Amino acid sequence: MIRSTLLLVVAAAISGADAFAPVGMAVRANTQLFMDETGAKKLEDSLKADPQLKEASRATILECDDVECATAQCTQDNRGNWHCEGGLEGDRENTQTQVLMHSDQDD
């Protein structure tokens, strides 16, 4: 009993979750995609022009194209410039954005 427990602990320490994956199955990689500078700049410019976000410090944006949707987390600095992470990857045409939620400066 102690020996089998010790073997499981050692296997977990050496290989992590891969030690317990069935043989022949690929392990899913954890990835997170971010939009490129062009896509981020386009989204940041649209947020800057949005009157409902003038006093906001943070916003969560849903960005969609013809194929998929992704969320972007954006923050506004003291100069009124928006900085976003996440969202659709690359510069895509026919994208639509929707503000899911935002918080004001006093939050």
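Here are three short exercises, with worked solutions, on this predicted model.

**Exercise 1. Work out the fold pattern along the sequence.**

Start by counting elements: the protein has 2 helices and 4 strands. Next, put them in sequence order, which gives α-α-β-β-β-β. Then look at the contacts with a separation of 6 or more: 60% of them are between residues 24 or more positions apart.

**Exercise 2. Find the largest nonpolar core and say which elements supply it.**

Step one is a look at burial: 24% of the 107 residues count as buried. Step two is the core itself, which has 10 residues, including L43, L47, I61 and W82. Step three is to trace them back: α2 (37-49), β1 (56-64), β2 (69-76) and β3 (82-86) each give at least two residues. The largest share, 3 residues, comes from β1. That fits a general trend: in soluble globular proteins, nonpolar side chains tend to be buried together.

**Exercise 3. Locate the disulfides and decide how buried each cysteine is.**

A search of the whole structure turns up 2 disulfides, and their pattern is 1-2, 3-4 when bonded cysteines are counted along the chain.

Take C64 and C69: their sulfurs sit 2.0 Å apart, and the link is right-handed, with 115 degrees about the S-S bond. The cut-off for buried is under 20% relative accessible area. C64, at 16%, therefore counts as buried, but C69, at 45%, is partly exposed.

Now C74 and C84, with an S to S distance of 2.2 Å. This pair joins strand β2 to strand β3, 10 residues apart. C74 is buried at 2% relative accessibility, and C84 is buried at 12%. Both C74 and C84 also belong to the core from Exercise 2.

Key: Residues numbered from 1 in each chain as written. Predicted model: local features only at pLDDT ≥ 70, side-chain atom pairs only at ≥ 80, totals over all residues. Heavy atoms only, no water. Buried < 20%, exposed > 50% of the residue type's maximum accessible area, 1.4 Å probe, protein only. Contact = heavy atoms within 4.5 Å. Core = buried A, V, L, I, M, F, W, Y, C linked by side-chain atoms within 4.5 Å. Disulfide = S-S within 2.5 Å.
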